[in-house]
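Reader: I have a model open in front of me. Please take me through the labels used for it, and say what each one rests on.

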Amino acid sequence: MKVQISEDMILNCMRCGFCLPACPTYRYKQVESASPRGRIALMRAVMEGKLDVLDIAGPLDTCLGCRACEPACPAGVTYGAILEQGRAQLNQVRPLPGVVRWAYRWLLGTPGGIRFSAWALWLYQKLRLNALAHRLNLVEKIGGKGLADMERAIPPVASPARRAARKPAYPAAGNRRYRVAFFLGCLSDIVFFETNQNAIEVLTGLGCEVVLPAGQGCCGAVHSHAGEHELAVAQAKRNIAAFETSGCDFIVSTAGGCGAALREYDKLLADDPEWADRARAFSSRCRDFSELVEQLGPIPMGDMTGTYTYQDSCHLRNVQKVAAPPRNLLKSMPGARFVELPEADRCCGAAGTYMITQALLSDRILDDKAQKVAQTGAATLVVANTPCHLEMLEGIQRAGLADRVQVRHIADVVAEAMRKAPAAGGSH
């Protein structure tokens, strides 16, 4: 399938420059080619035959894809779609390495691959192969500095026995309010299994029956962002087919990036006559965990004394338009003091695989973010996306803050608060 850059999307850009201050890479590089406006101009030149797509590989590769430019754009330019089209066209002449494409297609792309990856990572940690790898610097030698940094940040993962104990469905506590189909994700479930379980606990505690549809796989975001359009489409169709028989009111995820991809299946498959209506029905039911939990309130909580701050997930904020619910949940916890993180709406540098492929620039962004976390005086940094979670764990370690600052997902925090609720069921 040959993907072309859309002329209509390109021509929507008025070159006004409102996107420049919103763009993290422009902020650090201060060159036009590192801005959304500049990248669109370069892609226009490719579209008009003035440049070869390989000539603009650098600017496309160094874009975070955070889409902070979209809320800033007065013309409503859909930069994320333009970027993915440009990367897809680039991939047609500069394919990803075979091993990477294989990993995207199988390890992260199929239910069996995800289960195998989770088992392999647990075994790697259980046999302390990670300690040997760190001592010999093997991960960096094999996959580069970015992969090595990410691997060091991964916490102990759930055992196969713990995973095997998971049920395909969880009944609501008390009267059922909604039937919720839960999207597990790939990296989310491999690395942060307990976060997904805590989210399920919260949802059932608030009156939701939660089902885990069989056959679901990766959301396809990693494929779209890498320009692997066909693989992204395949993931979307797999997930739509897995979820559409669930009879659910909502489809819920704990990863802002995954949720954004799920919510845009209707756009991804808009031109497919067989799947367009099915994709629209699917996307219309997608909700972020924090979004639905706030809707289900008031929430019974116990004492959570401490100081908290929150880092936005770029795709949760810029694509799903969910910014207030996580903050409102934190502010509602008894004893909690919420401090707004300066520039919380700016990318942390994770950006999916960006922290691996563009490690140096990612680290610059991350180090700045960690300094701002330290300035808040918060003891808990709350996140709502899997790559952000890993990135901020790494950043807190790099900044020497690990003994003072915890990095926790909003689902883990809310689950703890609900467990601490008074036995009588009273709320805050």
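Author: Serine 246 sits in the loop between α16 (229-243) and β4 (250-253). Helices (H or I, at least four residues) and strands (E, at least two) are DSSP runs, numbered from the N terminus. This is a predicted model: local features need pLDDT of at least 70, side-chain atom pairs count only at pLDDT 80 or more, and totals for chains, interfaces and linings use all residues. Residues are numbered from 1 along each chain as its sequence is written, and side-chain values use heavy atoms, with hydrogens and water left out.

Reader: Why is serine 246 called buried?

Author: Buried means under 20% relative accessible area, exposed over 50%, partly exposed in between (1.4 Å probe, protein chains only). Serine 246 has 10%, so serine 246 is buried.

Reader: What makes the pair of serine 246 and phenylalanine 243 a polar contact?

Author: The side chain of serine 246 reaches the backbone oxygen of phenylalanine 243 at 2.7 Å. A polar contact is a pair of N or O atoms within 3.5 Å; within protein, one must be able to donate a hydrogen and the other to accept it, and residues adjacent in sequence count only if both atoms are side-chain atoms. The 2.7 Å is within 3.5 Å, so the distance fits.

Reader: Which residues does serine 246 contact, leaving aside neighbours within four places in sequence?

Author: Arg179, Ala181, Val211, Pro213 and Arg285. Contact means heavy atoms within 4.5 Å.

Reader: Is tyrosine 354 buried or exposed?

Author: Tyrosine 354 has 3% relative accessibility, so tyrosine 354 counts as buried. Tyrosine 354 is found in helix α23 (residues 354-357). A polar atom of the tyrosine 354 side chain lies 2.7 Å from the backbone oxygen of threonine 62. Not counting residues up to four places away in sequence, tyrosine 354 touches nine residues' worth of surroundings, including Asp61, Cys63 and Leu361.Reader: How do you know that helix α17 is mostly covered?

Author: Eight of the eight residues of α17 (residues 256-263) are buried. Among them are Gly256, Cys258, Leu262 and Arg263.

Reader: What makes a set of residues a nonpolar core?

Author: A nonpolar core is a set of buried Ala, Val, Leu, Ile, Met, Phe, Trp, Tyr and Cys residues joined through side-chain atoms within 4.5 Å. The largest has 39 residues, and Phe182, Leu203, Val210, Phe289, Leu330 and Met333 touch the most other members. Helix α26 (residues 410-419) gives the most to this core, with seven residues.
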